[in-house]
Amino acid sequence: MLLIPAIDLKDGHCVRLEQGDMDKATVFSEDPGAMAAHWISKGARRLHLVDLNGAFAGKLKNESAIKSILKAVGDEIPVQLGGGIRDLETIERLLDDGISTVIIGTAAVKNPGFVQDACTAFPGHVMVGLDARDGKVATDGWSKITGHEVIDLAKKFEDWGVEAIIYTDIGRDGMLKGVNVDATIKLAQAIRIPVIASGGLSNNKDIEALCKAEEEGVMGVIAGRSIYSGDLDLAAAQKYADELTLKYAKKII
């Protein structure tokens, strides 16, 4: 079970939002590269970047900050990025810059064929981010709620070579109220590709519940406000997750 630190970028700074509200942003660092280096020093095995301005604008807006993070990370760990990715040229540029995996969100909902084209052009480098409130998928930086069900959309993408689905419960994001474990497991059980949980991670109870669901296909969880506020220590939490993974694996055997 991977704990994946999130670095959300707004106006070149590292921030955290409450329930995706751009007007409720807390700045945690003005140096994205230093923040990335910090999480690597704490044992991060992967980083999750979001260009928040890009998600609303429909095109990347924090490329200088992204490049500073990639420079700090080097080849140490994979870096995944979402927010404003709407065309193949952008994906190619990001992969050339050093991004390991791109996350297609709004474009996956509005133009599903784009996901298929991206998977064909860049196999092994595409994830889909499905963000939902009360089970309904949201787009455009979470500002618009659609009528699409998460599971229905996820099933469309699994056969196209998508590496994983990142499932975010918007109502819990940045609120430290706990991951929506039930909805995450339900999604993982419905599809054959891995699921990464997001939104609300707050304590070891969440980690234990998700580790129990690894065999269902839950491969990781995005760690956001909890590791910035100190409610969760990344290094200790990852160690705990590793111990639980080993424990439950032995039970299965």
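This report walks through a predicted model of a single chain, from its overall build down to a few individual residues.

**The whole chain**

Let's start with the big picture. The chain has 11 helices and 12 strands. Its radius of gyration is 17 Å, close to the 18 Å that the globule rule gives for 253 residues, so the chain is as compact as a globular protein of that length. If you drew a box around the C-alpha atoms along the principal axes, that box would be roughly 45 × 40 × 35 Å.

Inside, buried residues make up 54% of the 253 residues. Now take the contacts with a separation of 6 or more: 69% of them are between residues 24 or more positions apart. One example of distant positions in sequence meeting up in space is Ala 57 and Asp 140, which are 83 residues apart along the chain but have C-alpha atoms 8.1 Å apart. Ala 57 sits in helix H2 (residues 52–57), and with a relative accessible area of 44% it counts as partly exposed.

**Rings that meet**

Which aromatic rings pair up here? A search of the whole structure turns up 3 aromatic pairs. In one of them, the rings of Trp 39 and Tyr 228 have centres 5.2 Å apart and planes at 80 degrees; angles over 60 degrees count as edge-to-face, so that is what this pair is. Trp 39 belongs to helix H1 (residues 32–41) and Tyr 228 to helix H10 (residues 225–229), so the pair ties together parts that are 189 residues apart in sequence. Both Trp 39 and Tyr 228 are buried.

Another edge-to-face pair is Phe 157 with Trp 160, whose ring centres are 5.8 Å apart and whose planes are at 65 degrees. Here the partners differ in how covered they are: Phe 157 is buried at 0% relative accessibility, while Trp 160 is partly exposed at 26%. Ring pairs also link Phe 28, Trp 39 and Tyr 228 into a cluster.

**Helix H4 and its two sides**

Helix H4 runs over residues 88–97, and its buried residues are Thr 90, Ile 91, Leu 94 and Leu 95. Why are these four on the same side of H4? They cover an arc of only 130 degrees around the axis, which puts them on the same side. The spacing helps you see the pattern: an α-helix has 3.6 residues a turn, so residues three or four places apart point the same way.

The buried residues of H4 are covered by parts that include strand E5 (79–82), strand E6 (101–104) and helix H6 (112–121). On the face turned away from the buried side you'll find the exposed residues Glu 89 and Asp 96.

The ends of H4 are worth a look too. At its start, a side-chain oxygen of Asp 87 comes within 3.2 Å of the backbone nitrogen of Glu 89. After H4 comes Gly 98, with a positive phi near 125 degrees.

**Two aspartates from the record, and a nearby loop**

The unreviewed UniProt entry lists Asp 8 and Asp 131 under "active site". Asp 8 is in strand E1 (residues 2–10), and Asp 131 is in strand E7 (residues 126–133). Leaving out residues up to four places away in sequence, Asp 8 touches His 13, Cys 14, Val 15, Arg 16, Val 50 and Leu 52.

Moving on from strand E1, Asp 11 lies in the loop between E1 and strand E2 (13–18). Its phi is positive, near 55 degrees, even though Asp 11 is not a glycine. For background, most residues other than glycine have a negative phi.

Another loop residue is Ser 202, found between strand E11 (195–198) and helix H9 (204–212). The side chain of Ser 202 makes a polar contact with the side chain of Asn 203, at 3.4 Å.

Buried or exposed? Here is how these four residues come out:

| Residue | Relative accessible area | Class |
|---|---|---|
| Asp 8 | 8% | buried |
| Asp 131 | 17% | buried |
| Ser 202 | 9% | buried |
| Asp 11 | 52% | exposed |

The two listed aspartates, Asp 8 and Asp 131, are both buried, whereas Asp 11 in its loop is exposed.

Note on methods. Residues are numbered from 1 along each chain as its sequence is written. This is a predicted model: local features need pLDDT of at least 70, side-chain atom pairs count only at pLDDT 80 or more; totals for chains, interfaces and linings use all residues. Side-chain values use heavy atoms; hydrogens and water are left out. Rings of Phe, Tyr and Trp (its six-membered ring) pair if their centres lie within 6.5 Å; planes under 30 degrees apart count as stacked, over 60 as edge-to-face and the rest as tilted. Helices (H or I, at least four residues) and strands (E, at least two) are DSSP runs, numbered from the N terminus. Buried means under 20% relative accessible area, exposed over 50%, partly exposed in between (1.4 Å probe, protein chains only). A polar contact is a pair of N or O atoms within 3.5 Å; within protein, one must be able to donate a hydrogen and the other to accept it, and residues adjacent in sequence count only if both atoms are side-chain atoms. UniProt positions are given in the numbering used here, feature names are shortened, and annotations may be inferred rather than shown by experiment. Contact means heavy atoms within 4.5 Å. The arc is that of the directions from the helix axis to the C-beta atoms. The radius of gyration is taken over C-alpha atoms; the globule rule is 2.2 Å times the number of residues to the power 0.38.
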